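Student: Could we go through this one together, helix by helix? I'd like to see how the pieces fit.

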Amino acid sequence: LDVVGHNAIMSAYAKEGRLADAERWMRRIEEDNLTPDIISYNSIIHACSRSSSPSGGEIAEQWLSQMEDAGLAPDLITLNTAA
């Protein structure tokens, strides 16, 4: 799979609030020597916001920090999802 395929799977998990599964696919992007893009990070942050985990907000902040460390600036979708 390419990053687009990984993103599609993560997005599906995010819509269901399946944070652990979305995070597993995010790790697979890197394991497959691909670079996560803004859509990857937006999907994982969306999964955090939909998750029933009480620490979802903290996890979202960690992913947002990783995104910025990777040189990607939050876009409107990121900010709306993280709000």
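**Helix packing, question by question**

Tutor: Sure, and let's begin with α4: its buried residues are G56, I59, A60, W63 and M67. Keep in mind that this is a predicted model.

Student: How many degrees of arc do the buried residues of α4 cover around the axis?

Tutor: The residues in question are G56, I59, A60, W63 and M67. They sit on the same side of α4, because the arc they cover around the axis is only 100 degrees.

Student: Which residues are exposed on the other side of α4?

Tutor: Exposed means over 50% relative accessible area. On the side of α4 away from the buried set, the residues that count as exposed are E58, E61, Q62 and D69.

Student: And what do the buried residues of α4 pack against?

Tutor: Take α3 to begin with: I38, Y41, I44, I45 and C48 there meet a set in α4 that includes I59, W63 and M67. The full list of helices that the buried residues of α4 pack against is α2 (19-31), α3 (38-50) and α5 (76-82).

Student: Are α3 and α4 roughly parallel or antiparallel to each other?

Tutor: The two helices pack with their axes 8 Å apart, at an angle of about 170 degrees. Angles over 145 degrees count as roughly antiparallel. So α3 and α4 are, relative to each other, roughly antiparallel.

Student: What span should α1 have at 1.5 Å a residue?

Tutor: Helix α1 covers residues 3-15. It has 13 residues, and its end C-alpha atoms are 18 Å apart, which agrees with the span it should have: 18 Å.

Student: Which helices do the buried residues of α1 pack against?

Tutor: The buried set in α1 is V3, G5, H6, N7, M10, Y13 and A14. These residues pack against two partners, α2 and α3.

Student: How does α1 run against α3, roughly parallel or roughly perpendicular?

Tutor: Their axes are 8 Å apart, and the packing angle is about 15 degrees. Under 35 degrees counts as roughly parallel. That makes the orientation of α1 to α3 roughly parallel.

Student: What is the handedness of the crossing where α1 passes α3?

Tutor: At this contact, V3, N7, M10, S11, A14 and K15 in α1 meet I39, S40, S43, H46, A47 and R50 in α3. As α1 passes α3, the crossing is left-handed.

Student: Is S43 buried or exposed?

Tutor: S43 lies in helix α3. Leaving aside neighbours within four places in sequence, its contacts are N7, M10, S11 and A14. The cut-off for buried is under 20%. At 8% relative accessibility, S43 therefore counts as buried.

Student: What is T81 in contact with, leaving aside its neighbours within four places in sequence?

Tutor: T81 is found in helix α5. It counts as buried because its relative accessibility is 17%. With those sequence neighbours left out, T81 is in contact with N42, I45, H46 and S49.

Student: What about N33, buried or exposed?

Tutor: N33 lies in the loop between α2 and α3. Its phi is near 60 degrees, a positive value in a residue other than glycine. At 70% relative accessibility, N33 counts as exposed.

Student: Last one: which residue just after α4 takes a positive phi?

Tutor: For α1, the residue that follows with a positive phi is G17, near 75 degrees. Just after α4, a phi of about 90 degrees belongs to G71.

Technical notes: Residues are numbered from 1 along each chain as its sequence is written. This is a predicted model: local features need pLDDT of at least 70, side-chain atom pairs count only at pLDDT 80 or more; totals for chains, interfaces and linings use all residues. Side-chain values use heavy atoms; hydrogens and water are left out. Buried means under 20% relative accessible area, exposed over 50%, partly exposed in between (1.4 Å probe, protein chains only). Helices (H or I, at least four residues) and strands (E, at least two) are DSSP runs, numbered from the N terminus. The arc is that of the directions from the helix axis to the C-beta atoms. Contact means heavy atoms within 4.5 Å. Axes are lines fitted to C-alpha atoms, for helices over the stretch in contact, and angles run from 0 to 180 degrees between N-to-C directions. Angles under 35 degrees count as roughly parallel, over 145 as roughly antiparallel, 65 to 115 as roughly perpendicular and the rest as oblique. A crossing is left-handed if the near helix is turned anticlockwise from the far one by less than a right angle, and right-handed if clockwise. The expected span of a helix is 1.5 Å times one less than its number of residues.
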